Amino acid sequence: MRLKKIIPILIIASLLISCKEEKAVIAKAVTAPDYKIDFGKVSPKSVFRNDTLSIWGGSLVKGEDGLYHMFYSRWPKKLGWEWVNYSVISHAVSESPFGPFQPKDDALPDRGDEYWDGSTTHNPTVHKFNGKYYLYYMGNTGDKKVVSVPGKPKINWVHRNNQRIGVAVADSPNGPWKRFDKPVLDISPNEDAYDALMTSNPSVCQMPDGKILMVYKAVGKKDPLPGGGPVVHMVAIADSPTGPFEKYPEPVFTFEGERFPAEDPYIWYQDGKFRAIVKRIKHEGNIREFSLVHYDSEDGIHWNKAKNFEISKRFVEWENGRKQQFVHLERPQVFIENGEPIALLCAADTLDANGARDSFNLQIPLKITKYN
């Protein structure tokens with residue numbers, strides 16, 4: 001008799017649990033909208049350039065002083081495209097996230113080839129976590145040998161293959177920045193690892209549980225050296241902004257049959273999903289086509305093409321209505337203010353008559369439409 005009474009109670013409890021779980025799934029779906037990412041018109045004051053310096057990338061954080069602090073890579077134009085062995089991460093400030101920015105100082109200068117990052121610092125991404133500022137970057141060391149001239153880029157493979165990921169810490173974006181004697185994310189020791197040769201181009205964000213998610217560029221040794229390859233992106237997670245990071249085994253942003261399909265992701269968490277803007281590298285024979293595309297993820301580990309995948313094929317529209325397609329429009333860095341992405345900082349360049357690059361940073365207004 002008691003069993004007959006218990007069974008209906010169990011059935012009702014099971015239905016209630018199932019209904020609760022279903023409501024949770026529905027609630028999650030409602031709070032995790034799809035994004036459509038578009039560009040607004042760009043002001044002439046939103047171009048940060050220098051006549052004698054190549055400027056690449058740019059990442060933005062707002063300080064307690066109310067100013068907007070940009071960290072960017074720079075090196076002498078007269079050397080050519082020598083970013084891998086002569087880049088220094090420098091610091092500029094503005095009263096607006098859209099500029100104009102004024103150069104201030106070098107945040108991470110050369111500090112001697114005896115250090116793992118002593119010769120080069122490059123591709124910064126800056127964040128404020130729990131009251132402190134964290135500047136993630138690529139660093140390397142090497143012989144500083146110049147191998148190219150303006151208009152004829154080559155690469156110093158010693159410096160390229162010594163690339164590792166570092167982080168510097170400060171109480172203020174004005175510094176001083178504390179650097180470490182070891183990378184925050186080094187190569188893996190096993191020869192068959194995706195990142196057995198080098199690690200570079202970190203992108204990080206804080207997860208809802210407070211952990212730090214990193215997506216990074218990795219190069220292995222499967223393909224012939226010195227270039228190695230394939231070139232992929234991997235995921236790592238840490239309890240602290242300074243690591244240690246646990247690496248996950250499978251690459252992300254992949255395309256079947258392509259050994260270098262993507263580069264320069266920027267990741268962030270908003271509205272119940274991880275989001276990413278990524279440079280897509282599409283290969284058509286010997287031609288490479290660059291664009292900016294959009295991924296999202298439920299957990300930060302497994303990434304899918306977003307519903308609105310394509311963002312821009314390197315086009316921007318200026319305030320006067322003129323449209324321009326750049327040779328490169330990459331290193332996307334989202335700036336979020338009051339919980340909403342308002343600006344996308346990108347590295348851009350044009351070529352002169354001799355094929356030499358004039359590179360600079362653009363601050364592009366973002367227009368994000370949300371669809372439930």
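Visitor: What lies over the face of Phe255, and at what distance from the ring centre?
Guide: In this predicted model, Arg280 lies over the face of Phe255, at 3.5 Å from the ring centre. A charge sits over a ring if NZ of Lys or CZ of Arg is within 6 Å of the ring centre and within 35 degrees of the ring normal, and Arg111 over the face of Tyr115, at 4.2 Å from the ring centre, is described in the same way.

Visitor: On what basis are such values given?
Guide: Because the model is predicted, local features need pLDDT of at least 70 and side-chain atom pairs count only at pLDDT 80 or more, whereas totals for chains, interfaces and linings use all residues. Residues are numbered from 1 along each chain as its sequence is written, and side-chain values use heavy atoms, with hydrogens and water left out.

Visitor: Why is Ser90 counted as buried or exposed?
Guide: Ser90, found in strand β5 (residues 88–94), has 1% relative accessibility and therefore counts as buried, since buried means under 20% relative accessible area, exposed over 50%, and partly exposed in between, with a 1.4 Å probe and protein chains only.

Visitor: What makes the side chain of Ser90 a polar contact partner, and with which side chain?
Guide: The partner is the side chain of Asp106, at 2.6 Å. A polar contact is a pair of N or O atoms within 3.5 Å; within protein, one must be able to donate a hydrogen and the other to accept it, and residues adjacent in sequence count only if both atoms are side-chain atoms, so the 2.6 Å of this pair falls within the limit.

Visitor: Why is the aromatic pair of Tyr266 and Trp268 called stacked, edge-to-face or tilted?
Guide: The centres of Tyr266 and Trp268 are 6.2 Å apart and their planes make 40°. Rings of Phe, Tyr and Trp (its six-membered ring) pair if their centres lie within 6.5 Å, and planes under 30 degrees apart count as stacked, over 60 as edge-to-face and the rest as tilted, so this pair is tilted. Both residues are buried, and the structure holds 14 aromatic pairs.

Visitor: How do you know that β10 and β11 pair, and in which sense?
Guide: Strands β10 (residues 198–206) and β11 (residues 212–219) are joined by seven bridges in the antiparallel sense. Because two strands pair if DSSP finds at least two bridges between them, and strands are DSSP runs (E, at least two residues) numbered from the N terminus, the seven bridges satisfy the criterion. One of the bridges links Met198 with Val219 in β11.

Key: Helix = DSSP H or I, 4+ residues; strand = E, 2+ residues; numbered from the N terminus.
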